[in-house]
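Here are my notes on the model, set out as numbered points. Please read them with the coordinates open.

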Amino acid sequence: MAEKLQGVGQTTYDLPELERRERLRKLVAQQDAELADAPALERRERLRKLVAQQDAELADAPAVGQIVVEDLAASSELFYTEGSDDLKAETVQQCSEVGDDRPISGCKFAPNGKLLVSCGWGGMVSLWSSEQCRNLLKVRAHEERCTDVAWHPAATLSQSEESVNLATACADATAALLSAKGEVIQRLVGHTDRLARLAFHPMGRHLGTASFDATWRLWDVNTGQCVMEQEGHSRACYCVAFHPDGSLAASSGLDAIGRLWDCRTGRSIYVMEGHVKEVLALDFSPNGHQLVSGSADHSCKFRLHL
């Protein structure tokens, strides 16, 4: 196809000449059917006028058979609210570091704000100084790709470095509990498909994991045993989150719904509907009065004034 630029923000593509001829043939056939009983001279005169009319209409338009594609890049309209000059002047990139030889899938600040942990598809877990932007530790936690990482609620505050400080989720259907030095203390085995997201219970004694086996599980951090397995999604369970006081849990999945669970009884007490595509993000507000969900349908929904 021959490409031609026609005006600002438009690209036109010529269709084959054969298609133009085919369209003209159909036009002639249509006129013949409508004027089947008319004299030959009248039919020829009607066809001549029709062709002349078509030529006049297309004189200033793209040629017959052309497709006009709008070039969105030519639009100068902003799709966001631009910040002030003072804000842009104060926002600078401190550094850019390589955390894995494959894409980074998760990063979280430590409870004290002085450390940052990242994980990647290469199975690496890296620990960084958030103040100096310096790598402090890099270990391979999994042979398969890591899908998420989380800090223990008491890590960097009151938790000893030898105890569980971190948890990672992996595509091999396991989770790992790590010390602050990067040592794997325990592997949590039980899911039958790859893990997506994970979260520590606010009291720190349990860990929640969401899996593509359509379940989420609650694990005892000290023993590594699964104490609760929850089914409620028809497709992969993608996110799990806990209410700040630890009484409730929320899960969301690729079935476009979320569920609210009572952690004391294990019962599903509320179904969050409204999204039309996968629910890929979920979080409680710090005061526990709201729950927000983010979806592939481009929307965030705030709900549950508890």
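1. Cys-146 is in strand β8, which covers residues 146–151. The model is a predicted one, and every point below should be read on that footing. Cys-146 counts as buried because its relative accessibility is 0%, and the cut-off for buried is under 20%.

2. What surrounds Cys-146? Setting aside residues within four places in sequence, its contacts are Ser-105, Cys-119, Gly-120, Trp-121, Gly-123, Met-124, Ala-169 and Cys-170. One of these, Cys-170, lies 24 residues from Cys-146 along the chain, and the C-alpha atoms of the two are 4.4 Å apart.

3. Strand β8 also matters for the largest nonpolar core, where it supplies the largest share, three residues. The core has 14 residues, and those touching the most other members are Val-117, Cys-119, Val-125, Val-149, Trp-151, Leu-166 and Leu-178. Two or more core residues come from each of β5, β6, β8 and β10, the last spanning residues 174–178. As background, nonpolar side chains in soluble globular proteins tend to be buried together.

4. Leu-178, one of the core residues just named, deserves a look for its contacts. Apart from residues up to four places away in sequence, Leu-178 touches Val-139, Ala-141, Ser-163, Val-164, Asn-165, Leu-166, Thr-168, Glu-183, Val-184 and Ile-185.

5. Leu-178 is also among the residues that line the largest cavity; the full lining is Val-117, Val-125, Ser-126, Leu-127, Leu-137, Val-139, Leu-166, Leu-178, Ser-179 and Gly-182. Two elements give two or more residues to this lining, β6 (124–129) and β7 (134–140), and β6 gives the most, with three. By class the lining has seven nonpolar and three polar residues, with no charged ones.

6. How many cavities of 30 Å³ or more does the structure hold? There is one, and the largest cavity encloses about 40 Å³ of space. In general, such empty space is found by rolling a probe the size of a water molecule over the atoms.

7. The β4–β5 pair can be checked on its own. Strand β4 (residues 104–109) and strand β5 (residues 115–120) run antiparallel and are joined by five bridges. Phe-109 has Leu-116 of β5 as its bridge partner. The two strands make a hairpin with five residues between them, and in the turn Gly-113 has a positive phi of about 80 degrees.

8. The largest pocket has a volume of about 590 Å³. Its lining has 24 residues, of which Lys-108, Leu-198, Ala-199, Phe-200 and Asp-283 are the closest to the pocket centre. The elements giving two or more residues to the lining are β4, β8, β12 (195–200), β16 (237–242) and β20 (279–284). Strand β8 thus appears both here and in the core described in point 3.

9. Which classes of residue make up the lining of the largest pocket? It divides into 17 nonpolar, three polar and four charged residues. The lining of the largest cavity, by comparison, has no charged residues.

10. For the protein as a whole, there are three helices and 22 strands. Buried residues account for 41% of the 306 residues. Of the contacts between residues at least 6 apart in sequence, 38% join residues at least 24 apart.

Key. Residues are numbered from 1 along each chain as its sequence is written. This is a predicted model: local features need pLDDT of at least 70, side-chain atom pairs count only at pLDDT 80 or more; totals for chains, interfaces and linings use all residues. Side-chain values use heavy atoms; hydrogens and water are left out. Helices (H or I, at least four residues) and strands (E, at least two) are DSSP runs, numbered from the N terminus. Buried means under 20% relative accessible area, exposed over 50%, partly exposed in between (1.4 Å probe, protein chains only). Contact means heavy atoms within 4.5 Å. On a 1 Å grid over the protein atoms alone, a cavity is a set of points where a 1.4 Å probe fits but cannot get out, and a pocket is an open set with protein on both sides within 12 Å along at least five of seven lines; lining residues have an atom within 4 Å of a point. Grid points are joined across faces, edges and corners, and a volume is the space filled by probe spheres set on the points. Ala, Val, Leu, Ile, Met, Phe, Trp, Tyr, Cys and Pro count as nonpolar, Asp, Glu, Lys and Arg as charged, and the others, Gly among them, as polar. Two strands pair if DSSP finds at least two bridges between them. A nonpolar core is a set of buried Ala, Val, Leu, Ile, Met, Phe, Trp, Tyr and Cys residues joined through side-chain atoms within 4.5 Å.
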